[in-house]
Amino acid sequence: MKIKAAEAALAHVEDGMRLGIGTGSTAEEFVRLLAEKVAGGFRIEGIPTSERTARLCLELGVPFRSLEELPELDLTIDGADEVDPQLRLIKGGGGALLREKIVACASARMIVIADETKVVDTLGAFKLPIEVNPFGLLSTRRAVEKLASRLGLSGEIVVRTASDGPFMTDGGHLILDASFGRIPDADALSSELNALPGVVEHGLFINIASLAIIAGPAGARVLTAR
């Protein structure tokens, strides 16, 4: 299903585009398909949203540059951990949410590619990643907990770990994973998190995606915001 979504998204990529290239398992399928077209003479200038994606592009021969060199992009294609009917997203399961959001917002359009298991009526079953500064970590986590309580949200908020200690993002930050279960007002939570000192970014992508390509056993379908 991930390959089906990636194939459908590739039809939106035009020769010569400045293209944001996402992170995650579905985005990696897209990179592999894109590499085949590039090998056949297709021209793009890619901006990877993570070091992991940059390494894959280098390995497969997909040309890429930095966002400093290309600050405005035509299109970003990226995956999502959850998609709701308004095309609001939870992203950041792989820890690249800050760069993903920067690249998406530097683009004229963002297309989400996902399989049908990622479509939900209400965001929140997937843990919400919140990227935070290591300085003042405990204070920031307590502030997030108080904010969640004010909005009627509950659930464990933990520091993400890796095999050798705390998980570190490409930007040198930590991730708080919030298990809210259900987020009735994603817009309010997004705004409130943005206002907290210590929060660098969060995985709620609001009013960013233009459309979503959702793949299932019967093929790919397109979602637009209701």
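This report describes the overall build of a predicted model, its two largest pockets and the contacts made by its aromatic rings.

**Overall build**

The protein contains 6 helices and 15 strands. Its radius of gyration is 17 Å, close to the 17 Å that the globule rule gives for 226 residues, so the protein is as compact as a globular protein of that length. Measured out along its principal axes, the C-alpha trace spans about 55 × 35 × 30 Å, and buried residues account for 50% of the 226 residues.

**The two pockets**

Rolling a probe the size of a water molecule over the atoms shows where empty space is left. The table sets out the two pockets by volume, number of lining residues and class of residue.

| Pocket | Volume | Lining | Classes in the lining |
|---|---|---|---|
| Largest pocket | About 260 Å³ | 14 residues | 7 nonpolar, 3 polar, 4 charged |
| Second largest pocket | About 200 Å³ | 16 residues | 2 nonpolar, 8 polar, 6 charged |

In the largest pocket, the lining residues that lie nearest the centre are Ile47, Pro48, Ser66, Leu67 and Arg99. The elements that give two or more residues to this lining are strand 2 (44–48), helix 3 (51–60) and helix 4 (97–105), and helix 4 supplies the largest share, with 3 residues.

In the second largest pocket, the centre is approached most closely by Thr23, Gly24, Ser25, Ala80 and Asp81, which lie nearest to it among the 16 lining residues. Here the largest share of the lining, again given as 3 residues, comes from helix 2, which covers residues 25–39.

The classes of the lining residues can be read pocket by pocket: the largest pocket has 7 nonpolar residues beside 3 polar and 4 charged ones, whereas the lining of the second largest pocket divides into 2 nonpolar, 8 polar and 6 charged residues.

**Aromatic rings and charges**

A search of the whole structure for aromatic pairs finds 0 of them. Charged side chains do, however, sit over rings at two places that can be named here. The charged end of Lys37 sits over the ring of Phe42, at 4.1 Å from the ring centre, and the charged end of Lys101 sits over the ring of Phe205, at 4.9 Å from the ring centre. Lys37 falls within the residue range of helix 2 (residues 25–39), the element that gives the largest share of the lining of the second largest pocket, while Lys101 falls within that of helix 4 (97–105), which gives the largest share of the lining of the largest pocket.

Conventions:
Residues are numbered from 1 along each chain as its sequence is written. This is a predicted model: local features need pLDDT of at least 70, side-chain atom pairs count only at pLDDT 80 or more; totals for chains, interfaces and linings use all residues. Side-chain values use heavy atoms; hydrogens and water are left out. On a 1 Å grid over the protein atoms alone, a cavity is a set of points where a 1.4 Å probe fits but cannot get out, and a pocket is an open set with protein on both sides within 12 Å along at least five of seven lines; lining residues have an atom within 4 Å of a point. Grid points are joined across faces, edges and corners, and a volume is the space filled by probe spheres set on the points. Helices (H or I, at least four residues) and strands (E, at least two) are DSSP runs, numbered from the N terminus. Ala, Val, Leu, Ile, Met, Phe, Trp, Tyr, Cys and Pro count as nonpolar, Asp, Glu, Lys and Arg as charged, and the others, Gly among them, as polar. Rings of Phe, Tyr and Trp (its six-membered ring) pair if their centres lie within 6.5 Å; planes under 30 degrees apart count as stacked, over 60 as edge-to-face and the rest as tilted. A charge sits over a ring if NZ of Lys or CZ of Arg is within 6 Å of the ring centre and within 35 degrees of the ring normal. The radius of gyration is taken over C-alpha atoms; the globule rule is 2.2 Å times the number of residues to the power 0.38. Buried means under 20% relative accessible area, exposed over 50%, partly exposed in between (1.4 Å probe, protein chains only).
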